[in-house]
Amino acid sequence: MNVGDLVRYVVVFQDDPDMSSTGVVIKDHSPQRPPHVGRVVDVLWSDGEIAEANTNDLMVLYESR
């Protein structure tokens, strides 16, 4: 997962519609960790909120180049 990737939460809860929104990764807090290890990233969500998320909980919809 890289800065600029379009992401969505893997698990969507019916009670929380915000979990189904998409967002863009804007910061990787641990870029030195291998890609297969879960990392913490900041995501700018479609509602304008910036929140930390674990990469294990996110699915990449579109990779940035």
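# Reasoning through a five-stranded model

Student: Why is Asn 54 called partly exposed?
Tutor: Asn 54 has a relative accessible area of 29%. Buried would need a value under 20%, and exposed a value over 50%. Since 29% falls in between, Asn 54 counts as partly exposed. Please keep in mind that we are looking at a predicted model.

Student: Where in the fold does Asn 54 sit?
Tutor: Asn 54 belongs to strand S4, which covers residues 50-54. From Asn 54 to Tyr 9 the C-alpha distance is 9.6 Å, although 45 residues separate them in sequence.

Student: What is the overall pattern of elements along the sequence?
Tutor: It reads β-β-β-β-β. The protein has five strands and zero helices.

Student: How do you know that S1 and S2 are paired?
Tutor: Pairing takes at least two bridges between two strands. S1 (residues 6-9) and S2 (residues 22-28) share three bridges, so they pass, and they run antiparallel. One contact to look up is Leu 6, whose bridge partner in S2 is Val 24.

Student: What makes S2 and S3 a pair?
Tutor: Again we set the count against the minimum of two bridges. S2 and S3 (residues 40-45) are joined by five bridges, so they qualify, and the two strands are antiparallel. Along this pairing, Gly 23 faces Trp 45 of S3, while Asp 28 has Val 41 as its bridge partner in S3.

Student: And how do you know that S3 pairs with S4?
Tutor: Five bridges connect S3 to S4, which meets the requirement of at least two, so the strands pair; their direction is antiparallel. Leu 44 has its bridge partner in S4, namely Ile 50. The hairpin of S3 and S4 leaves four residues between the strands, and there Gly 48 adopts a positive phi near 95°.

Student: How many aromatic pairs are there?
Tutor: The count is one aromatic pair. The rings belong to Tyr 9 and Trp 45; their centres are 5.1 Å apart, with the planes at 10°.

Student: What makes that pair stacked rather than edge-to-face or tilted?
Tutor: There are two steps. The centres must lie within 6.5 Å to count as a pair, and 5.1 Å satisfies that. Planes under 30 degrees apart count as stacked, and 10° is under that limit, so the pair is stacked.

Student: Which elements does the pair link?
Tutor: Tyr 9 is in strand S1 and Trp 45 is in strand S3, so the pair, 36 residues apart, links distant parts of the chain.

Student: Are the two ring residues buried or exposed?
Tutor: Tyr 9 has a relative accessible area of 15%, and Trp 45 has 7%. Each value is under 20%, so Tyr 9 and Trp 45 both count as buried.

Student: What makes up the largest nonpolar core?
Tutor: This core has eight residues, among them Tyr 9, Trp 45, Val 7 and Leu 58. S1 and S3 are the elements that contribute two or more residues to this core, and S3 gives the largest share, with three. As background, nonpolar side chains tend to be buried together in soluble globular proteins. Across the 65 residues of the protein, 28% are buried.

Student: Why is the contact between Arg 39 and Asp 28 called a salt bridge?
Tutor: The side-chain distance from N to O is 3.0 Å. The limit is 4 Å between a nitrogen of Lys or Arg and a carboxyl oxygen of Asp or Glu, so this contact qualifies. The total by this rule is one salt bridge. Arg 39 is in the loop between S2 and S3 and Asp 28 is in strand S2, so the contact ties together parts 11 residues apart in sequence.

Student: How accessible are the two partners, Arg 39 and Asp 28?
Tutor: Arg 39 is at 6% relative accessibility and Asp 28 at 16%. Both values are under 20%, so Arg 39 and Asp 28 are buried.

Student: Which residues form the nonpolar patch on the surface?
Tutor: They are Val 10, Val 11, Met 59, Leu 61 and Tyr 62, with about 470 Å² of accessible area together.

Student: How do you know that Met 59 is accessible enough for a patch?
Tutor: A patch residue needs over 30% relative accessible area, and Met 59 has 33%, so it passes. Met 59 lies in strand S5, residues 58-62.

Methods
Residues numbered from 1 in each chain as written. Predicted model: local features only at pLDDT ≥ 70, side-chain atom pairs only at ≥ 80, totals over all residues. Heavy atoms only, no water. Patch = residues over 30% accessible without salt bridge, like charges linked within 9 Å, V, L, I, M, F, W, Y side chains within 5 Å. Areas by Shrake-Rupley, 256 points an atom, 1.4 Å probe, with all protein chains shown as cover. Buried < 20%, exposed > 50% of the residue type's maximum accessible area, 1.4 Å probe, protein only. Phe/Tyr/Trp six-rings, centres within 6.5 Å; stacked < 30°, edge-to-face > 60°. Core = buried A, V, L, I, M, F, W, Y, C linked by side-chain atoms within 4.5 Å.
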